[in-house]
Structure formats: structure tokens, C-alpha cells
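Dear colleague,

I am passing on the structure we spoke about, so that you can look at it alongside the notes that follow. Please open it first and keep it beside you as you read.

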Amino acid sequence: MKKISLFLLSFIASLIFFFGCERDVFTPPTNTENPDCERVVNPVYFINNLEKPIKIEIHRDSMSIINPSINKEEIFWKIDRDVLKFKIQPNDTICFDSIVYAWCKNERYYISPKAVALDRLISTYYFIKITYNKKQYKYTDRESIDILLSTGSLDYIRFTENKREHFGWE
């Protein structure tokens with residue numbers, strides 16, 4: 001009886017191990033004509049060029065659900081998939097997120113896959129709360145979020161005096 005229960009216990013444990021460790025895996029696009037594609041992981045950093053610390057809270061959506069009673073694409077519910085929180089000291093750099101994309105050596109790109117991947121990442125954020133000088137500022141419109149998370153080099157998102165003045169942070 002002990003052998004059967006031990007066997008059953010080990011079988012259940014192995015099922016939990018094999019089916020409980022599911023995760024997302026990046027698969028570059030398959031191109032049979034050009035197998036020279038490689039997976040690239042590129043970190044993106046926040047840099048605080050302001051005189052005071054800045055706190056950032058970013059909400060990422062997991063899905064957009066079209067409201068069937070209204071049947072309009074622009075009206076939908078957002079569900080939080082992830083909330084990212086950062087506190088960045090003056091003249092400090094912190095890793096924000098990483099973008100993953102495929103780079104194919106023999107392809108000609110008019111728009112960099114890195115830029116497309118960063119744009120897709122930023123488009124998943126729908127609510128940003130900034131705390132600067134003990135005052136909170138909330139942004140939900142696409143234009144403000146795009147300006148807040150705009151980059152110059154695709155590697156760094158800088159919080160500068162220009163952004164502070166543009167958004168009126170005191």
C-alpha cells in the first residue's frame with residue numbers, strides 16, 4: 001500500500017511540475033527564405049534629470065473589451081495586468097522595462113524593429129501617475145502618455161525640465 005501511495009504522490013508532483021511552470025516564450029518570426037533572424041532583448045531606462053525625486057506608477061492593460069451594447073471600438077474596459085512603480089532620485093538611472101524583438105540580418109528595415117517594439121510596449125500603458133514635489137499628476141490620455149514616455153535614443157526615457165514645464169509640475 002505504501003508503494004502505491006508513494007507512486008501516486010510522485011506522479012501528482014511530476015504533473016504539477018510539468019504543467020505548473022507555463023510561461024510566455026518569445027519566438028522570432030519564421031522566415032524560411034532568411035533563417036538569419038535573432039532574438040534581441042533591449043533594456044529601456046528612466047533617467048531623472050530633475051532637481052527632486054520623482055515617483056512613477058504605470059498601469060499596463062491586459063485586454064481591451066469592446067462594449068457589445070454600444071458596439072463601438074473606442075469604448076472599452078481596461079483590466080490591469082501589471083502595475084510598475086519606480087522612485088528615481090535626481091541624476092539617477094533605473095531600468096524601466098525591456099523590449100524584445102527579432103532582427104534579421106539580410107532584411108531591409110524602413111522602421112527599426114526596436115522602435116516598433118518600444119511603441120508597442122508604450123501603447124499597452126493606459127494610466128500613469130507622477131508624484132513630483134509631493135504633488136500627484138494623473139495621465140490617462142494617449143497623447144500625454146506618449147509624451148511622458150517619449151525617448152530620444154530608444155534606450156532612455158528622460159524626465160527633464162522641458163517635460164516638467166510642459167506638464168506644469170510644481
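**What was found**

Leaving aside its neighbours within four places in sequence, F159 is in contact with F46, I47, N48, N49, L50, I54, I56, I130, L148 and W169. Please keep in mind throughout that this is a predicted model. F159 also belongs to the largest nonpolar core, which has 30 residues, and is among those with the most contacts inside that core, the others being F46, I56, F96, I130 and W169.

From there it is convenient to turn to N162, which is found in helix α4, residues 161-167. N162 counts as exposed because its relative accessibility is 61%, the cut-off for exposed being over 50%. The C-alpha atoms of N162 and L50 are separated by 9.7 Å, although the two residues are 112 residues apart along the chain.

H59 offers a contrasting case, and you may wish to find it in strand β2, which covers residues 54-67. H59 has a relative accessible area of 11% and is therefore buried, since that term applies under 20%. The side chain of H59 is joined to the side chain of E57 by a polar contact of 2.8 Å.

Next come two paired strands. Strand β5 (residues 125-132) and strand β6 (residues 135-139) run antiparallel and are joined by five bridges, and K129 has K138 in β6 as its bridge partner. The hairpin of β5 and β6 has two residues between the strands, and in this hairpin N133 takes a positive phi near 55 degrees.

The last region to look at is the largest pocket, which has a volume of about 350 Å³. Its lining is made up of 15 residues, and those that lie nearest the centre of the pocket are I99, V100, A117, R120 and L121. The elements that give two or more residues to this lining are β4 (92-104) and α2 (113-122).

Helix α2 deserves a closer look in its own right. Its buried residues are P113, K114, A117, L118, L121 and I122. As a reminder for reading that list, an α-helix has 3.6 residues a turn, so residues three or four places apart point the same way. At the N-terminal end of α2, S112 acts as the cap, with a side-chain oxygen that lies 3.1 Å from the backbone nitrogen of K114.

With kind regards

Terms used:
Residues numbered from 1 in each chain as written. Predicted model: local features only at pLDDT ≥ 70, side-chain atom pairs only at ≥ 80, totals over all residues. Heavy atoms only, no water. Helix = DSSP H or I, 4+ residues; strand = E, 2+ residues; numbered from the N terminus. Buried < 20%, exposed > 50% of the residue type's maximum accessible area, 1.4 Å probe, protein only. Polar contact = N/O pair within 3.5 Å; in protein donor to acceptor, adjacent residues only side chain to side chain. Core = buried A, V, L, I, M, F, W, Y, C linked by side-chain atoms within 4.5 Å. Contact = heavy atoms within 4.5 Å. Pairing = 2+ DSSP bridges. 1 Å grid on protein atoms, 1.4 Å probe; cavity = no way out; pocket = protein on both sides within 12 Å on 5 of 7 lines; lining within 4 Å. Points joined across faces, edges and corners; volume = space filled by probe spheres on them.
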